[in-house]
Amino acid sequence: METLGYLIDGFGVALAPHNLMFALLGAFLGTLIGALPGLGPANGVAILIPLAFTLGLKPETALIMLTAVYAGAMYGGRISSILLNIPGDEPAMMTCLDGYPMAQKGKAAEALAISAIASFMGSLIATVGLILLAPILADFALTFGPAEYFALFLLAFATLGGITGKNPMKTVVAACIGLMIATIGIDNTGVQRYTFQVLELYEGVDFIIAIVGLFAISELLFFIEDRAGKGKKTIKVNKLKLSWADIKGIMPSSIRGGILGFIAGVLPGAGASLGSFIGYTLEKKVVGKKGYFGEGDPRGVAGPEAGNNGASSGALVPMLTLGVPGSGTTAVLLALLISLNITPGPLMFTQNADIVWGVIAALLIGNFLLLVLNIPLVGIFVKLLSVPPMYLLPIVTMVAFVGIYSISNTTFDLYFMVAFGVGGYILRKLEIPLVPVILGLLLGPEMEKNLRHAMDISDGDWTILWDSGLAIGLWLFAGLGLILPYIVGPILRKRMEVQTGHTTPGD
């Protein structure tokens, strides 16, 4: 009953006219970004964070808008998968298998509508799961001490590469880079570290500057290098002819995919890619020879779409309750929370209950907004694919520069952002993922703080770090997180590549 009361209060926040307006804007922009191949939700949220600061949004409004961008980008990823056979992001790869054949048969509108309905069902199931599970996990997290939190942060680093990650060691290297950047500034004892007497570095590196540079500016540099002028003709979208029987036929697939996706999102190291893969694989096994998967079976669109959208909402559970992101995009959202002086974790449910429950309520509302947007306005999103990136990316870059300058009004931050962009470009050329860098930068200070606290309590005895059963369990899971990608990862990646014909990217 207490949860229901908080949720009702959350709807009061989410349904405020200005919050509702920015949720609609976020859903629309997110779908547009998701429709562009290669950008994905993490880039979309990172690119639009400066817009939130430029507009001077309140914390709850900024979070509602960017969470809607996240959900919208997950919806939008299926547009290029179905019409171009090019996944908008990695989780949308499985949608290509039956979505593109449906489009080739003149059923593009039906495929897009089915994917929107399945995405809605997956997100709805996962959001309900978030409402039920998050308060329980938050209460459990209140029992954590500094040693348990230190082990939890290690678990986050160990599993961020995911089971389907291409090179786990590069994930570790990226996390170490982020941790090293996190040491810049004045530490808890008042000692300067790696500031080189530069006044702007005394307070450390601003998360938002790093994120916008690593994602938005590096994306611009990649475009300048090899994406200019490239494109592919889209398939014409027919008039929608979707019956209630068709919708009824995909409902079981959407429900199964949504449940599996939510579980994959909550589990560390799984994520949306695994959610879409197991959603598709389960449908093939359940339907069996009665299906025609790979030839345009609607259930082959519904299963993975419900799976990846369920996983995206599920990934919010560890971020909100433990302060540990469950995906790359939630790592970016975590940075936004910290920059707004909001401490994610179990205390957030009491100290910032209006914000956290407002965001959860906005997720429910956003799902309905996205369903309403995606079916009648799909023609607008499709036309976006014909707009050359040379016109879109300069606008994105301008938003990034204006947004970053509006935060501190110093040109130093602009130069710093460009430096991070160049660094991000180099890391991506070396196939080193960027999200672990951000995670190291975000969690590094808290990790160090908890380590110092644990050492103070134990008078320097290191065994305190594995002195409790909970800490030992977290250490064991962290070890599994490092080992499993080498054992399970190659098998899963091979199966995904065989089924899709696409090579899975590293991160």
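Biologist: Which helices each supply at least two residues of the lining of the largest cavity?

Modeller: In this predicted model, they are α4 (59-84) and α16 (353-374). The greatest contribution is that of α16, with five residues.

Biologist: What makes A23, I64, T67, A68, A71, V359, A362, L363, G366 and L370 lining residues of the largest cavity?

Modeller: A lining residue has an atom within 4 Å of a cavity point. These ten names are the ones listed for the largest cavity, so each of them satisfies that cut-off.

Biologist: Why is the space they line called a cavity and not a pocket?

Modeller: The term cavity applies where a 1.4 Å probe fits but cannot get out, whereas a pocket is an open set. The search of the whole structure finds two cavities of 30 Å³ or more. The largest has a volume of about 60 Å³, and the second largest has a volume of about 50 Å³.

Biologist: How is the lining of the largest cavity divided by class?

Modeller: There are eight nonpolar, two polar and no charged residues. Gly counts as polar, so G366 falls in the polar class. The lining of the second largest cavity has nine nonpolar, one polar and no charged residues.

Biologist: Which residues line the second largest cavity, and which helix gives the largest share?

Modeller: The lining consists of L63, T67, L316, M319, L320, L333, L337, M348, V356 and V359. The largest share is three residues, from α13. At least two residues each come from α4, α13 (316-322), α14 (328-339) and α16.

Biologist: Turning to α20, how do you know how its reach stands against the expected span?

Modeller: Helix α20 covers residues 435-458, which is 24 residues. The expected span is 1.5 Å times one less than the number of residues, and for α20 this is 34 Å. The reach from the first C-alpha to the last is 33 Å, close to that expectation.

Biologist: What makes L443 the site of a kink in α20?

Modeller: The bend at a residue is the angle between axes fitted to the seven residues ending there and the seven starting there. At L443 there is a kink of about 45°, shortly before the proline P445. After α20 comes D459, with a positive phi near 60°.

Biologist: What share of the chain counts as buried, and by what cut-off?

Modeller: Buried means under 20% relative accessible area, and 57% of the 507 residues count as such. The chain has 22 helices and two strands. Among contacts with a separation of 6 or more, 79% are accounted for by residues 24 or more positions apart.

How values were computed. Residues numbered from 1 in each chain as written. Predicted model: local features only at pLDDT ≥ 70, side-chain atom pairs only at ≥ 80, totals over all residues. Heavy atoms only, no water. Helix = DSSP H or I, 4+ residues; strand = E, 2+ residues; numbered from the N terminus. 1 Å grid on protein atoms, 1.4 Å probe; cavity = no way out; pocket = protein on both sides within 12 Å on 5 of 7 lines; lining within 4 Å. Points joined across faces, edges and corners; volume = space filled by probe spheres on them. Buried < 20%, exposed > 50% of the residue type's maximum accessible area, 1.4 Å probe, protein only. Contact = heavy atoms within 4.5 Å.
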